Amino acid sequence: MRFVVQRVCEARVSVEDQVIGQIGHGLLVLVGVADSDDKQIADKMIDKLTKLRIFDDADGKTNLSAADVGGEFLIISQFTLYADCRKGNRPSFTLAGKPDKANELYEYCICEIEKKGFRAEYGSFGAEMKVSLLNDGPFTIVLDSDEIVR
């Protein structure tokens, strides 16, 4: 499982010119799922994500988590995080999870983040989406379960 995490002042996602998810101060999280992922891996990734201390404290140091600052989450499915660009110029996506499993784990992530007390908005799995954001920092981190969980 891979998360691309961006600290944002605001972010939104639209489908067919309709805004379907929007947040203020918080984290935009692009979620990629592989076939080898499961709920145990998702739980560890979510725990790491929600506890990341990437918001500034009063001294300007990144010591605060989303919970500490009342941060919101915008969660977007992103199978292209598993693009394999080693051969040729056209990416292969065979490493990405099959749609049914990926959607199940994507929805699981949203529910678990909400269970932790966070406001979470989200995109539409498999839809053509337009995502806009005002990156705060800019501050972007990649979390990969191969590095965090295994």
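**Exercise 1.** Place Q6 in this predicted model: which strand holds Q6, and is Q6 buried or exposed?

*Solution.*
Step 1. Strand β1, spanning residues 2–15, contains Q6.
Step 2. The relative accessibility of Q6 is 16%. Buried means under 20%, so Q6 counts as buried.

**Exercise 2.** Find what surrounds Q6: which residues does Q6 touch, leaving out those up to four places away in sequence, and with which side chain does the side chain of Q6 make a polar contact?

*Solution.*
Step 1. With residues up to four places away in sequence not counted, Q6 touches G26, L27, L28, L133, N135, F139 and T140.
Step 2. The side chain of T140 makes a polar contact with the side chain of Q6, at 3.4 Å.

**Exercise 3.** Describe the largest nonpolar core: which of its residues touch the most other members, and which element supplies the largest share?

*Solution.*
Step 1. The core has 29 residues, and M1, F3, L27, V29, L49 and F73 touch the most other members.
Step 2. At least two residues each come from β1, β3, α1 (39–51), β6 and α3.
Step 3. The largest share is that of α3, with seven residues.
Step 4. Another core lies apart from this one; its 12 residues include V8, A11, L28 and L74.

**Exercise 4.** Characterise the largest pocket: what is its volume, and which residues lie nearest its centre?

*Solution.*
Step 1. The volume is about 390 Å³.
Step 2. Of the 20 lining residues, S77, Q78, F79, T80 and G126 lie nearest the centre.
Step 3. Two or more lining residues come from each of β3 (26–32), β6 (72–77) and α3 (99–115); α3 gives the largest share, three residues.
Step 4. By type, the lining has 12 nonpolar, six polar and two charged residues.

Conventions. Residues are numbered from 1 along each chain as its sequence is written. This is a predicted model: local features need pLDDT of at least 70, side-chain atom pairs count only at pLDDT 80 or more; totals for chains, interfaces and linings use all residues. Side-chain values use heavy atoms; hydrogens and water are left out. On a 1 Å grid over the protein atoms alone, a cavity is a set of points where a 1.4 Å probe fits but cannot get out, and a pocket is an open set with protein on both sides within 12 Å along at least five of seven lines; lining residues have an atom within 4 Å of a point. Grid points are joined across faces, edges and corners, and a volume is the space filled by probe spheres set on the points. Helices (H or I, at least four residues) and strands (E, at least two) are DSSP runs, numbered from the N terminus. Ala, Val, Leu, Ile, Met, Phe, Trp, Tyr, Cys and Pro count as nonpolar, Asp, Glu, Lys and Arg as charged, and the others, Gly among them, as polar. Buried means under 20% relative accessible area, exposed over 50%, partly exposed in between (1.4 Å probe, protein chains only). A polar contact is a pair of N or O atoms within 3.5 Å; within protein, one must be able to donate a hydrogen and the other to accept it, and residues adjacent in sequence count only if both atoms are side-chain atoms. Contact means heavy atoms within 4.5 Å. A nonpolar core is a set of buried Ala, Val, Leu, Ile, Met, Phe, Trp, Tyr and Cys residues joined through side-chain atoms within 4.5 Å.
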